[in-house]
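Biologist: I want to go through this model with you. Give me the reasoning behind each label, please.

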Amino acid sequence: MKFSKATDYALHTMLFLTVATPQKPIGVQQLAERQKVSPTYLSKILTKLVKAGMIESITGVNGGYRLKRNWEDISFLDIIHAIEGSASLFDCSFDHGPGCPIQKVVLSAEEKMEEQLRNQKMSDLVREHNIVI
């Protein structure tokens with residue numbers, strides 16, 4: 001199982017925004033430089049995070065992005081779903097109904113992983129590792 005690079009950038013961007021001054025927007029250029037990624041590519045990721053309601057875009061000379069939701073509530077799963085969507089990782093290709101034993105095992109594992117990611121908040125990560133950017 002593998003998450004996309006976009007999810008990697010989204011998680012790191014959200015970590016940076018969580019630690020940054022909440023009222024001061026951070027420009028896409030600065031966010032992109034921190035991760036050594038194209039501002040154009042990162043803008044597409046930021047658009048998904050805006051649509052998910054986690055961050056907001058501030059226009060103008062001192063514009064940029066900042067957290068919109070309470071940073072205490074943002075989970076890894078929220079961010080992953082904003083980028084990857086919430087479709088199951090596994091879809092049985094045989095037509096033998098919803099009782100597929102393989103599907104059940106994979107869905108059970110997926111539920112456990114999602115629970116772990118739902119419980120892991122960005123705020124916990126910042127506190128546990130004393131992160132300062």
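Modeller: What follows takes the labels one by one and sets them against their cut-offs. Bear in mind that this is a predicted model.

Biologist: Start with the whole chain. What makes up its fold?

Modeller: The chain has six helices and two strands. Along the sequence they run α-α-α-β-β-α-α-α. The C-alpha atoms fill a box of roughly 60 × 30 × 25 Å along the principal axes.

Biologist: How many of the residues in the chain are buried, and what does buried stand for?

Modeller: Of the 133 residues in the chain, 36% are buried. Buried stands for under 20% relative accessible area.

Biologist: What share of the contacts links residues 24 or more positions apart?

Modeller: Such pairs account for 63% of the contacts with a separation of 6 or more.

Biologist: And what does the chain expose?

Modeller: About 8400 Å², with carbon and sulfur atoms supplying 54% of it. As for charge, there are 16 positive and 15 negative side chains, and the centres of the two sets lie 7 Å apart.

Biologist: Now helix α3. How do you know that its span fits the expected one?

Modeller: Helix α3 covers residues 39–51, which is 13 residues. From first C-alpha to last, α3 reaches 18 Å. At 1.5 Å a residue, 18 Å is expected, so the span of α3 is close to expectation.

Biologist: Which residues of α3 are buried, and why are they said to line one face?

Modeller: The buried ones are Leu-42, Ile-45, Leu-46 and Leu-49. Seen down the helix axis, the buried residues of α3 fall within an arc of 100 degrees, so they line one face. On the other side, Thr-40, Lys-44 and Lys-51 are exposed.

Biologist: What covers the buried residues of α3?

Modeller: The cover includes helices α1, α2 and α4, along with strands β1 and β2.

Biologist: Move to α4. Why is Ile-79 called buried?

Modeller: Ile-79 lies in helix α4. Its relative accessibility is 0%. The cut-off is under 20%, so Ile-79 counts as buried.

Biologist: What does Ile-79 touch?

Modeller: Leaving out residues up to four places away in sequence, Ile-79 touches Ala-10, Leu-11, Met-14, Leu-49, Met-54, Ile-74 and Met-122. Leu-49 is also one of the buried residues of α3.

Biologist: Which other parts of the chain cover α4?

Modeller: The buried residues of α4 include Phe-76, Leu-77 and Ile-80. Their cover includes α1, α3, α5 and α6. Just after α4, Gly-85 takes a positive phi of about 85 degrees.

Biologist: Glu-114 carries a charged side chain. Why does Glu-114 count as buried?

Modeller: Glu-114 is found in helix α5. Its relative accessibility is 18%. That value is under 20%, so Glu-114 counts as buried. Leaving out residues up to four places away in sequence, Glu-114 touches Leu-77 and His-81. Leu-77 is itself one of the buried residues in α4.

Biologist: Last one. What makes Ser-123 buried?

Modeller: Ser-123 lies in helix α6, residues 122–129. Its relative accessible area is 1%. Set against the cut-off of under 20%, that value makes Ser-123 buried. Beyond residues up to four places away in sequence, Ser-123 touches Trp-71 and Glu-72.

Key
Residues are numbered from 1 along each chain as its sequence is written. This is a predicted model: local features need pLDDT of at least 70, side-chain atom pairs count only at pLDDT 80 or more; totals for chains, interfaces and linings use all residues. Side-chain values use heavy atoms; hydrogens and water are left out. Helices (H or I, at least four residues) and strands (E, at least two) are DSSP runs, numbered from the N terminus. Buried means under 20% relative accessible area, exposed over 50%, partly exposed in between (1.4 Å probe, protein chains only). Contact means heavy atoms within 4.5 Å. Accessible areas come from the Shrake-Rupley method with a 1.4 Å probe; for residues, only the protein chains shown count as cover. The place of a charge is taken as NZ of Lys, CZ of Arg, CG of Asp or CD of Glu. The arc is that of the directions from the helix axis to the C-beta atoms.
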